[in-house]
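Welcome, and thanks for opening your viewer! Let's take a short walk through this model, one selection at a time.

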Amino acid sequence: MDIELICLLAMLGSFLLANLLLKLPVSISMVIGAVAGALVGGEGIPLRHLFEGTFTYVDTMLIISSAMLFMTVIQESGALEALNATIVTKLYRHPALMLMMLMLVIMFPGMITGSSTAAVLSAGALVAPVLLLIGIPRAKAGAIVAIGSIMGMAAPPINIPAMLIGGGVDMPYIGFDGPLLLLTLPCAVISVLLLGLRHCRNLDADKLAESLDLEVGKKYGFRLYIPIIVLFVLLVLSKAFLHFPQLGTCLIFLISAFIGLFTGRKFNFWDKALKAMDTTIPVLAKLMGVGMFIQIMTLVGARGWIVVSCLSLGITAVYIASLTIMPAFGAISSYGAASVLGVPFLLVLIQAGGHNDIMVASCLSFLCCLGDLMPPTALAGNYAAQIVQLKYKFVLKYCVVPFLICIAIALAVLLNSSFFSFLTV
Amino acid sequence: MLMYVYLAIVAFILLLVVVNMFRKRKNIFYQIDAALVMVTLILRLLLVK
Amino acid sequence: MKRKIPFHIMTASILCILVIVLVVVLTMIFSQAREAEPIYPGKGVTDVRMLSDWFPKLKGTNGDTEVYILDSGVKGSSMLVLGGTHPNEPAGVMTAIMLIEYCQPESGVLFVIPRANNSAFTCTDPQEAAPMKYYIDTDNGTRWFRFGSRATNPTDQWPDSEVYVHASSGQQLSGSETRNLNRAYPGREDGNFTEKIAFGLTELIKRENIQITVDLHEASPEYTTVNAIVAHEKALDLANLTLWMVEDSMKITVEASPTNLHGLSHRELGDSTNTLALLMETANASQGRLHGRMDSDLVVTGKDKFYTRAYGYGALNVDYPADGISLSERCARHITCVKEFCSMYEGEAGLISLGNLPSYDEIIDQGIGHFLKDPQ
Ligand SMILES: [Zn+2]
């Protein structure tokens, strides 16, 4: 047995032991797993490597934190309630259309930022209460938000795993829009109708009106929505016009949040900001743990072992691994899946021939994105569950079928990549 | 220029983390989580890494 | 009455002290990366200048870097060798250092920049678990060299935009490429930090009228372009002539620089200056995703059982023998081609000849350390 495999088993073993048996948080379990791997690999406790690994996620940390602050402002100012009331009263007669519109709203921030977390925390949190209002059960509403945010993360114009995979083989990020839409739109539509339509065929307008808060909207009117509009305008401007100053998603969230302080109900910002960070700290720590874990995997050679083992089984196994191991790697990190597995897999598939490179890279990036549903890290899943105030395992149950549909669609496109090559123009 | 804005954001988030760590009765795991985040944020704030 | 400190305040305080200790220790560790390895200029070096001499805005920044000038005194053409565009590709740096310490040109002028992206030498890439130094034995003692990051240190340029848009072409790449010097050419005077470095290098090439520019790189063995010379269309003839000369000692291919891939030295320097732009790649296991344990030995010996296995599965583009592809072999490839570029070049300005360089076989037999100065 390779020493690298022993290290990997030690890492996974001590992680699971700490997380499942000792009931430690994911973050601390990841650190324990990383330290165990380093010890077995004969590296002692390599402080430098442990903390260097965390820096992969500095920017992600800032985006999550600022998105949380933005959401808090939107909720406290009353914009959220007002928006829910508007959507429901305008669209309740056409449930299928309403569901698809809501799905698109969930996806939008993910499309623009390439981050499922940003999607869940901004649009997901806006839409979730609407879903509950129209009678969709909590768990299913959570699943819709989780799947929607992942479709948004994978959808064009920004798909970060696709960029990471492309960057690893010097493939410019051009021509991905068509393939990614082909993958994400059907999955999004099927998922939301499958999960939601049954519950909102016959909506009663009066009943809905009772549970809606129409007062805030009337009191502050249009100006309640200014922060949301500013957010979308800034996000779109900085992506559509290359010469528009690149503020970054993090700063855009904060600017919009700041504006929101003056457009609705007054509240104590400092208190609410503290509360928002309170729920965010465990997620940030989880990212720190993931960073350490992957760095030590690389250090002791466990990363190499995983990739070489996947390659050793031949081309069919690479297909199978793309459909299984790659999304499963999301249990650690979906970006990690893209750079650790996506790049070598793409190279093998390109060498095998008969494929359209861009289609294959799109499929692989799509499969990586699905990893954001994988527990325990499940960035999209956990936050979606938190928004509907449930434990993730209840939400996860309803994610399984859409997840399998996504995998099936990805496989179909992957196998027929050359047929779809007209989309890459 | 943008870098200093982002460093200010890091400082603000760091402040929120530290205050949360001391704020109310939290279990030790939560505090360890906060400490982990603090190390990374401080190292970036000081432009060490 | 003595007030009792609440338990949670106590644990929080202890953790804070721990955090401060960790920060101090880590600051000491990470700051070590800012020390550059010593380079001992050989007899051929006639002048050492700074890149800021050609682009003053770089002065005082972490992007300013040494330019070694080896002027033969005999009229001829000029060549620029770039090492350390990517400091995680050590064969480029080591080849440049060897030229500085060993080479004595017989005609023309040789410019060598061993640390093209100086800032990227001051950190390592997260999740790559790279060693901070690697060690090479010379005839009398061991020397250390800095292993760096592929990209500019974020402490010099941060944050990255989500998407990197190459300025002159509008091409979009992953945001992490914002700090990649070899995606920033030809650079911008008022661009970001990395674009400024690229601009400085372009200025040097223009003002010194450099006829040949060779950018030395390495790639992971599973990568598609490896063991290759990538040439701008103007430099294709020179590359093919060189290929013909070196084919007997090594397996190598010539690739034309793709016209739709922007920001790379072989594309943009060729387009925006008169230089013949060439880029070279060798196979570096420590840079790939398949390697086993990561340490200085892997960097220097290139010996890795996983790569040898992957070669057996047909997953690589290069032959990967069980005893690895050593740094000496990789440098031998670079040196041999650089030398042949010069001997094959017939420019109007005259010839350039890099006398006194060991042959491919000599470097492999005696090791790169033999052609470096002893530690002083
Ligand atoms: Zn390179």
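Donors are N, O and S atoms within 2.8 Å of the metal. Keep in mind that this is a predicted model.

**Stop one: the zinc ion.** Select the zinc ion together with C:H86, C:E89 and C:H217. The zinc ion is held at 2.0 to 2.3 Å by ND1 of C:H86, by C:E89 through OE twice, and by ND1 of C:H217. Along the chain, its donors follow the spacing H-x2-E-x127-H. C:E89 sits in the loop between strand 3 (78–82) and helix 2 (90–102) of chain C, while C:H217 belongs to strand 9 (residues 212–219) of chain C, so this pair ties together parts that are 128 residues apart in sequence. Both C:E89 and C:H217 are buried. Try the angle tool here: the four donor atoms make angles of 60 to 153 degrees, and the site is irregular.

**Stop two: helix 13 of chain A.** Now select residues 226–240 of chain A. This helix has 15 residues and reaches 20 Å from first C-alpha to last, close to the expected 21 Å. Color its buried residues, among them A:I228, A:L231, A:L234 and A:L235. Seen down the axis, the buried residues of helix 13 of chain A fall within an arc of 165 degrees, so they line one face of the helix. What do they pack against? Show helices 4, 5, 6, 7 and 14 of chain A, and you have their partners.

**Stop three: chain B.** Finally, select chain B, which has two helices and zero strands. Its C-alpha trace spans about 40 × 20 × 10 Å along its principal axes. Of its 49 residues, 57% count as buried.

Notes
Residues numbered from 1 in each chain as written. Chains lettered and ligands numbered in written order. Predicted model: local features only at pLDDT ≥ 70, side-chain atom pairs only at ≥ 80, totals over all residues. Heavy atoms only, no water. Donors = N, O, S within 2.8 Å, 3.2 Å for Na, K, Ca; no water. Tetrahedral: all angles 85-135°; square planar, octahedral: opposite > 155°, others 65-115°. Helix = DSSP H or I, 4+ residues; strand = E, 2+ residues; numbered from the N terminus. Buried < 20%, exposed > 50% of the residue type's maximum accessible area, 1.4 Å probe, protein only. Expected span 1.5 Å × (residues − 1). Arc of directions from axis to C-beta. Contact = heavy atoms within 4.5 Å.
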